[in-house]
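I am opening a notebook on a structure that is new to me. The entries follow the order in which I looked things up.

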Amino acid sequence: MLSVQRMTPFFTKQEDFRLRLVFAYQYFSIIKGGEVFQFVPTEGKEIVINLKSLQVENLGEIFVFQRGSRFLRLPLYQLLLISDLHKHLNTMLEGRINPNKDTNVPEEVIIESDHLITTLENENRIRMIDYALETDDLSLFHKLTEGMQEI
């Protein structure tokens with residue numbers, strides 16, 4: 001199994017619903033068998049992600065990694081299968097995706113759901129206080145009742 005040591009795009013560009021991540025030397029490296037292989041942009045150098053479906057669109061792109069005189073040529077689909085690349089892509093996408101962007105959720109619904117969540121959290125806190133009293137856990141009781149004046 002391969003693991004990604006470093007994956008920092010040299011350049012990113014968002015075009016409508018596609019995100020292009022372009023990589024260069026020293027911005028992308030993998031570990032195979034305890035050895036670090038550096039990305040070499042001789043063939044493929046970008047990952048294109050569809051932001052609507054969250055799918056990688058250019059799975060056939062060939063990425064080349066080098067260590068000394070040895071080269072690894074890996075198609076992007078194989079790199080996704082045998083490494084933890086998807087975790088790094090998810091981290092990069094976290095700030096790019098707005099869950100309310102296309103859904104047009106009315107503001108009243110958002111306010112009501114926030115109120116409902118707060119109510120449920122307060123009810124859970126009261127249940128936890130009851131539990132702390134039943135089990136004679138004074139430290140938990142004091143932790144839970146510290147902020148009760150705000151409720």
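**Entry 1: a covered strand.** I began with strand E6, residues 46-50, and found it mostly covered, with 4 of its 5 residues buried. I note here that the model is a predicted one, and I read every value in these entries as computed from it.

**Entry 2: the partners of E6.** I looked up which strands pair with E6. Strand E3, residues 18-22, pairs with E6 in the antiparallel sense over 5 bridges. In this pairing I found Leu21 opposite Ile47 of E6. Strand E7, residues 55-56, also pairs with E6 in the antiparallel sense, over 2 bridges. Here Ile49 stands opposite Val56 of E7, and Asn50 stands opposite Gln55 of E7. E6 and E7 form a hairpin with 4 residues between the strands, and in it Leu54 takes a positive phi near 55°.

**Entry 3: the sheet around E6.** I then traced the sheet as a whole. It is an open sheet of 4 strands in the order E2-E3-E6-E7, with antiparallel pairing. Strand E2 (11-15) and E7 are at the edges with a single partner strand each, so one side of each has no neighbour in the sheet. As background, I wrote down that strands of a sheet pair through backbone hydrogen bonds, either parallel or antiparallel.

**Entry 4: other pairings.** Next I checked strand E1, residues 3-7. It is joined by 4 bridges to strand E4, residues 28-32, and the two run antiparallel. The bridge partner of Ser3 in E4 is Ile31. E4 also pairs with strand E5, residues 35-40, in the antiparallel sense over 4 bridges. Lys32 has Glu35 of E5 as its bridge partner. The hairpin of E4 and E5 has 2 residues between the strands, and Gly33 in the turn has a positive phi of about 60°.

**Entry 5: the core.** Which residues have the most contacts inside the largest nonpolar core? I found Met7, Phe28, Ile30, Ile47 and Phe65, in a core of 24 residues. The largest share of this core, 4 residues, comes from helix H2, residues 85-93. I followed Phe65 further and left out residues up to four places away in sequence; among the residues it touches are Phe28, Ile30, Phe37, Phe39, Val40, Arg70, Phe71 and Leu79. A general remark for the margin: in soluble globular proteins, nonpolar side chains tend to be buried together.

**Entry 6: a pocket.** I turned to the second largest pocket, which holds about 210 Å³ of space. Its lining has 11 residues, and those nearest its centre are Leu54, Gln55, Val56, Leu89 and Asn90. The elements that give two or more residues to this lining are E7 and H2. H2 gives the most, with 4 residues. By class, I noted 8 nonpolar, 3 polar and no charged residues in the lining. Leu54 thus appears twice in my notes, in the hairpin of E6 and E7 and in the lining of this pocket.

**Entry 7: the whole protein.** I left the overall view for last. The protein has 4 helices and 9 strands. From the N terminus on, the elements run β-β-β-β-β-β-β-β-β-α-α-α-α. How much of the protein is buried? Buried residues make up 27% of its 151 residues. Of the contacts with a separation of 6 or more, 48% are between residues 24 or more positions apart.

Key
Residues numbered from 1 in each chain as written. Predicted model: local features only at pLDDT ≥ 70, side-chain atom pairs only at ≥ 80, totals over all residues. Heavy atoms only, no water. Core = buried A, V, L, I, M, F, W, Y, C linked by side-chain atoms within 4.5 Å. Buried < 20%, exposed > 50% of the residue type's maximum accessible area, 1.4 Å probe, protein only. Contact = heavy atoms within 4.5 Å. Pairing = 2+ DSSP bridges. 1 Å grid on protein atoms, 1.4 Å probe; cavity = no way out; pocket = protein on both sides within 12 Å on 5 of 7 lines; lining within 4 Å. Points joined across faces, edges and corners; volume = space filled by probe spheres on them. Nonpolar A, V, L, I, M, F, W, Y, C, P; charged D, E, K, R; others polar.
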